[in-house]
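Visitor: I'd like to learn how to read a model like this one, feature by feature. Could you walk me through it?

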Amino acid sequence: MTNIKLKELRAEIDRLDAELLSVLEKRIAIVGDIAAAKSDDGKAIAFRPGREASVLRNILHKHSSKLPDTVIAAIWRELIAAVGGLQKPYSVSITAPDKSVGYWDLARFHFGSATPMTLHQLPSVVLRDVSENPSVLGVLPWLSRERDTWWEHLAQGGDNVPKILAALPFLDNPSGEFEDLNSLVIGQAEPEPSGDDISLIVAVTSAEVSRARLNEHLETTGLNGFCADSRSPAIEEGDWLHLLEIPEFIAEDDPRLSAFHELLGENVIKIVILGAYAVPMKS
Ligand SMILES: C=C(O[C@@H]1C=C(C(=O)O)C=C[C@H]1O)C(=O)O
C-alpha cells in the first residue's frame with residue numbers, strides 16, 4: 001500500500017472517530033432528559049435491567065462487523081453502566097467466596113470501568129450493604145452453589161429486602177473467561193421484564209413437600225417451571241424453603257401464583273418472588 005493511500009485511510013478514520021464521538025455525545029446528552037422523565041419515580045438508582053437487556057439484544061442482533069460479539073457488548077456495557085451512574089451515582093458490592101477474581105471480572109465487564117466496586121468474601125456483607133443502601137447493587141454467586149444460602153435471606157420478603165434483578169454474564173465469552181462462573185445481581189429495586197426472562201420464586205412451607213409434588217402443582221397452574229432446590233429447616237419446627245425457577249416474567253398479581261398457593265394447601269406459609277433476570281445471550 002502506498003503512503004498516500006495509508007494517509008487517506010487514516011484521515012478517513014479520524015473523520016469517522018469525530019463522527020462517532022459526536023453521536024456518542026448526543027446519546028450521552030439525552031441522559032439529562034431521561035433523568036428528568038424519571039425524576040418522580042422514587043427510585044434511588046437509574047439501573048433498568050430489563051431495558052438494558054433489550055438494548056443489548058437489539059445491538060448484538062444488528063451488528064455485522066468482524067468484531068466479536070463480546071467486544072460490541074463491552075462497548076455498550078461501558079456506555080450503559082456509565083450513563084446510569086450519570087443519572088444517579090451507584091456502586092457495586094461483590095462477593096467472591098473463593099477469592100476468585102472471576103466475580104470481579106464479571107462485574108467489571110457489566111458495570112464498566114468507572115463504577116465504584118468493592119470486594120467481599122462473605123455474601124452476608126454484600127446483603128447488608130445492599131439492604132442498608134438503595135444505591136448499592138450486589139453481585140452474588142449463583143444460587144445453586146452448595147454453600148451459598150444467601151437467597152434464603154431474600155425469601156423473607158418485605159421492605160428493604162433486595163430483589164434479584166439480573167444475571168451475569170449477560171453474554172458468555174468463551175475466550176475471555178478463565179473461570180466458569182455465574183452470578184446474580186441484587187438491589188432495592190423492582191425487577192422488570194425484558195421480553196425473555198426467568199423468574200425466581202420461593203414457596204415457604206411448614207412441612208416437607210416433595211419436588212415432584214411442587215412440579216406437578218406448577219404444571220397444573222400453567223407456570224411451566226420447576227423446583228430447583230429445597231432447604232430443610234435449620235431448626236426444629238422451622239420452615240421449608242423451595243426455590244422455583246419459572247421461564248417467564250411473573251408479576252406479583254399473577255393469578256397463577258394464587259392458584260399455586262391454593263393447590264399447596266394449608267402447608268404453605270407464603271410465596272415470595274425473589275426477582276427475575278433477562279435470559280443471557282450466547283455469543
Ligand atoms: C437511559 C436509561 O437509563 C439507563 C441507561 C440505559 C442506556 O444507556 O441505554 C438503559 C437503561 C438504564 O439502565 C433508560 O432508562 O432508558
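Visitor: Let's start with a helix. Which elements do the buried residues of α5 pack against?

Guide: Keep in mind that this is a predicted model. The buried residues of α5 pack against the strands β1 (91-95), β2 (117-120), β3 and β5, and against the helix α6.

Visitor: Which residues of α5 are buried?

Guide: A general idea helps here. An α-helix has 3.6 residues a turn, so residues three or four places apart point the same way. In α5, the buried ones are Pro123, Val125, Val126, Leu127, Asp129, Val130 and Ser131. That is seven of the ten residues of α5, so the helix is largely enclosed by the rest of the structure.

Visitor: And Thr149, where does that one lie?

Guide: In the loop between β3 and α6. Thr149 is partly exposed, at 37% relative accessible area; the cut-off for buried is under 20%. Thr149 and Pro123 are 26 residues apart in sequence, with 8.7 Å between their C-alpha atoms.

Visitor: On to the core. Which residues of the largest nonpolar core touch the most other members?

Guide: Trp150, Ile164 and Leu274, out of 23 residues in that core. Elements supplying at least two residues each include α5 (123-132), α6 (150-154), β4 (163-168) and β9 (268-278). The largest share, four residues, comes from β6. Domain 2 (44-187) and domain 3 (197-278) each provide at least three residues of this core.

Visitor: What is Leu274 in contact with, leaving aside its neighbours within four places in sequence?

Guide: The list includes Trp151, Leu154 and Ala155, then Lys163 and Ile164, and also Leu200, Ile201, Val202 and Leu243. There is also a second, separate core of 20 residues, with Phe47, Val92, Ala96 and Ala189 among them.

Visitor: How do the domains divide the chain?

Guide: The domain assignment gives domain 1 (1-37), domain 2 (44-187) and domain 3 (197-278). For domain 1 and domain 2, the centres over C-alpha atoms are separated by 29 Å. Six residues of domain 1 are in contact with seven residues of domain 2.

Visitor: Now the empty space. Which residues are closest to the centre of the largest pocket?

Guide: The general trick first: rolling a probe the size of a water molecule over the atoms shows where empty space is left. Here the largest pocket has a volume of about 460 Å³. Its lining has 18 residues, and Arg27, Ile34, Arg51, Val55 and Val83 are the closest to the centre. The helices α1 (3-37), α2 (49-62) and α3 (69-87) each supply at least two lining residues, and α2 has the largest share with six. By type, the pocket lining splits into nine nonpolar, four polar and five charged residues. Domain 1 and domain 2 each give at least three residues to this lining.

Visitor: How many cavities of 30 Å³ or more are there?

Guide: Four, in a search of the whole structure. The largest cavity has a volume of about 130 Å³. Among its 18 lining residues, Pro49, Ala53, Ala166, Phe170 and Ala278 lie nearest the centre. Two or more lining residues come from each of α2, β4 and β9, and α2 gives the most, with five. The cavity lining holds eleven nonpolar, three polar and four charged residues.

Visitor: Why does the largest cavity count as lying between two domains?

Guide: Look at who lines the space. Domain 2 and domain 3 both give residues to the lining of the largest cavity, so the cavity lies between them.

Conventions
Residues are numbered from 1 along each chain as its sequence is written. This is a predicted model: local features need pLDDT of at least 70, side-chain atom pairs count only at pLDDT 80 or more; totals for chains, interfaces and linings use all residues. Side-chain values use heavy atoms; hydrogens and water are left out. A nonpolar core is a set of buried Ala, Val, Leu, Ile, Met, Phe, Trp, Tyr and Cys residues joined through side-chain atoms within 4.5 Å. Buried means under 20% relative accessible area, exposed over 50%, partly exposed in between (1.4 Å probe, protein chains only). Domain bounds come from an automatic or database domain assignment. Contact means heavy atoms within 4.5 Å. On a 1 Å grid over the protein atoms alone, a cavity is a set of points where a 1.4 Å probe fits but cannot get out, and a pocket is an open set with protein on both sides within 12 Å along at least five of seven lines; lining residues have an atom within 4 Å of a point. Grid points are joined across faces, edges and corners, and a volume is the space filled by probe spheres set on the points. Ala, Val, Leu, Ile, Met, Phe, Trp, Tyr, Cys and Pro count as nonpolar, Asp, Glu, Lys and Arg as charged, and the others, Gly among them, as polar.
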